[in-house]
Amino acid sequence: MGTAVIGYDNLLDVGTLSASSSPFTAPVTNLQTADVNKRWRPVLASGAVSFVEDLGTTAYEVGAIALINVVGFVVGNSWRIRLSSADATGAAGNIYDTGSHVP
(Lines give C-alpha, C1' and ligand atoms only; values in the text may rest on other atoms or scores of the structure.)
Protein backbone atom coordinates (compact mmCIF):
# COMPACT_ATOMS: atom_id res chain seq x y z
CA MET A 1 0.00 0.00 0.00
CA GLY A 2 1.21 3.49 -0.83
CA THR A 3 1.79 6.34 1.59
CA ALA A 4 -0.96 8.59 0.20
CA VAL A 5 -4.69 8.14 0.73
CA ILE A 6 -7.41 9.18 -1.69
CA GLY A 7 -10.22 7.13 -0.18
CA TYR A 8 -10.70 5.46 3.16
CA ASP A 9 -12.98 3.24 5.17
CA ASN A 10 -14.51 5.09 8.09
CA LEU A 11 -14.31 2.58 10.92
CA LEU A 12 -16.29 4.90 13.19
CA ASP A 13 -19.39 3.80 11.30
CA VAL A 14 -18.68 0.12 12.03
CA GLY A 15 -18.51 -0.04 15.82
CA THR A 16 -20.57 0.81 18.85
CA LEU A 17 -19.82 4.17 20.49
CA SER A 18 -20.02 5.19 24.12
CA ALA A 19 -18.80 8.34 25.84
CA SER A 20 -17.88 9.56 29.29
CA SER A 21 -20.38 12.40 28.83
CA SER A 22 -22.68 13.90 26.23
CA PRO A 23 -25.54 16.37 26.47
CA PHE A 24 -28.82 15.30 24.90
CA THR A 25 -28.35 17.85 22.11
CA ALA A 26 -24.87 16.65 21.07
CA PRO A 27 -24.56 12.87 21.63
CA VAL A 28 -21.44 10.87 20.78
CA THR A 29 -23.38 9.12 17.98
CA ASN A 30 -23.14 12.41 16.06
CA LEU A 31 -19.58 11.28 15.26
CA GLN A 32 -21.14 8.64 13.00
CA THR A 33 -23.05 11.09 10.81
CA ALA A 34 -21.79 12.73 7.63
CA ASP A 35 -23.53 15.99 8.59
CA VAL A 36 -20.70 18.27 9.76
CA ASN A 37 -23.19 20.44 11.63
CA LYS A 38 -23.94 17.57 14.03
CA ARG A 39 -21.16 17.39 16.59
CA TRP A 40 -20.29 15.52 19.75
CA ARG A 41 -19.85 17.94 22.62
CA PRO A 42 -18.54 16.35 25.81
CA VAL A 43 -19.68 17.82 29.12
CA LEU A 44 -16.62 19.47 30.62
CA ALA A 45 -17.14 19.40 34.35
CA SER A 46 -13.94 17.95 35.74
CA GLY A 47 -11.76 14.97 35.08
CA ALA A 48 -11.20 13.10 31.84
CA VAL A 49 -13.47 13.18 28.81
CA SER A 50 -13.43 10.14 26.58
CA PHE A 51 -15.24 8.16 23.94
CA VAL A 52 -14.82 4.49 23.16
CA GLU A 53 -15.59 2.62 19.97
CA ASP A 54 -15.97 -1.13 20.24
CA LEU A 55 -15.16 -2.81 16.93
CA GLY A 56 -15.90 -6.29 18.23
CA THR A 57 -13.64 -9.21 17.39
CA THR A 58 -12.88 -8.31 13.75
CA ALA A 59 -9.33 -7.08 13.06
CA TYR A 60 -9.02 -3.79 11.13
CA GLU A 61 -6.05 -1.88 9.74
CA VAL A 62 -5.95 1.69 11.03
CA GLY A 63 -3.94 4.11 8.92
CA ALA A 64 -5.05 7.44 10.36
CA ILE A 65 -7.12 8.88 13.18
CA ALA A 66 -8.79 12.28 12.85
CA LEU A 67 -11.17 14.01 15.25
CA ILE A 68 -13.17 16.40 13.11
CA ASN A 69 -16.02 18.58 14.38
CA VAL A 70 -15.48 17.58 17.99
CA VAL A 71 -16.00 20.68 20.13
CA GLY A 72 -15.45 21.43 23.77
CA PHE A 73 -11.78 20.58 24.19
CA VAL A 74 -9.93 23.13 26.29
CA VAL A 75 -6.50 24.49 25.32
CA GLY A 76 -3.95 23.30 27.84
CA ASN A 77 -5.75 20.04 28.64
CA SER A 78 -4.00 16.86 27.66
CA TRP A 79 -5.19 14.40 25.01
CA ARG A 80 -4.36 10.77 24.33
CA ILE A 81 -5.33 8.12 21.78
CA ARG A 82 -5.16 4.44 22.72
CA LEU A 83 -6.07 1.34 20.72
CA SER A 84 -6.49 -1.95 22.53
CA SER A 85 -7.32 -5.56 21.79
CA ALA A 86 -6.94 -6.53 25.45
CA ASP A 87 -9.90 -4.68 26.97
CA ALA A 88 -13.12 -2.97 25.89
CA THR A 89 -12.17 0.39 27.43
CA GLY A 90 -8.98 0.91 25.41
CA ALA A 91 -7.07 1.58 28.63
CA ALA A 92 -4.52 -1.17 27.95
CA GLY A 93 -3.31 0.60 24.80
CA ASN A 94 -1.52 -2.58 23.77
CA ILE A 95 -1.90 -1.88 20.02
CA TYR A 96 -1.18 1.85 20.03
CA ASP A 97 -0.73 4.56 22.66
CA THR A 98 0.25 8.15 21.91
CA GLY A 99 0.92 8.95 25.54
CA SER A 100 -0.44 12.17 27.01
CA HIS A 101 0.09 15.40 25.08
CA VAL A 102 -0.74 19.01 25.96
CA PRO A 103 -1.29 21.33 22.98
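This is a short tour of the chain, stop by stop, for use with the viewer open. Keep in mind that the model is predicted.

**The whole chain**

Start with a cartoon view of the protein chain. You will find four strands and zero helices, so to speak a β-β-β-β pattern when read along the sequence. Now switch on a surface. About 7,700 Å² is exposed, and carbon and sulfur atoms supply 54% of that area. Of the 103 residues, 15% count as buried. If you draw contacts with a separation of 6 or more, 41% of them come from residues 24 or more positions apart.

**The nonpolar core**

Next, select Leu12, Leu17, Val28, Leu31 and Trp40 and show their side chains. These five residues make up the largest nonpolar core. In soluble globular proteins, nonpolar side chains tend to be buried together.

Stay with Val28 for a moment. Leaving aside neighbours within four places in sequence, Val28 is in contact with Leu17, Ser18, Ala19, Ser22, Trp40 and Phe51. Two of these partners, Trp40 and Phe51, are the next stop.

**The aromatic pair**

Zoom in on the rings of Trp40 and Phe51. How are the two rings arranged? Their centres are 5.4 Å apart and their planes stand at 75 degrees, over the 60 that an edge-to-face pair needs. The count of aromatic pairs comes to one. Trp40 sits in the loop between strand S1 (16–19) and S2, while Phe51 belongs to strand S2, so the pair ties together parts that are 11 residues apart in sequence.

Colour both residues by accessibility. Trp40 counts as buried because its relative accessibility is 1%, below the 20% limit. Phe51, at 26%, is partly exposed.

**Ser22 and its contacts**

Now move to Ser22, in the loop between S1 and S2. Is Ser22 buried, exposed or partly exposed? With a relative accessible area of 31%, Ser22 is partly exposed. Show its surroundings, not counting residues up to four places away in sequence, and you will see Ser22 touching Pro27, Val28, Trp40, Arg41 and Val43. Try a distance label to Val43: the C-alpha atoms of Ser22 and Val43 are separated by 5.7 Å, although the two residues are 21 apart along the chain.

**A patch on the surface**

For the last stop, return to the surface and select Val14, Tyr60, Val62 and Ile65. Together they form a nonpolar patch with about 320 Å² of accessible area. Pick out Val62, in the loop between strand S2 (51–54) and strand S3 (82–83). Val62 is partly exposed, with a relative accessible area of 43%.

Conventions: Residues numbered from 1 in each chain as written. Predicted model: local features only at pLDDT ≥ 70, side-chain atom pairs only at ≥ 80, totals over all residues. Heavy atoms only, no water. Helix = DSSP H or I, 4+ residues; strand = E, 2+ residues; numbered from the N terminus. Buried < 20%, exposed > 50% of the residue type's maximum accessible area, 1.4 Å probe, protein only. Contact = heavy atoms within 4.5 Å. Areas by Shrake-Rupley, 256 points an atom, 1.4 Å probe, with all protein chains shown as cover. Core = buried A, V, L, I, M, F, W, Y, C linked by side-chain atoms within 4.5 Å. Patch = residues over 30% accessible without salt bridge, like charges linked within 9 Å, V, L, I, M, F, W, Y side chains within 5 Å. Salt bridge = Lys/Arg side-chain N within 4 Å of Asp/Glu carboxyl O. Phe/Tyr/Trp six-rings, centres within 6.5 Å; stacked < 30°, edge-to-face > 60°.
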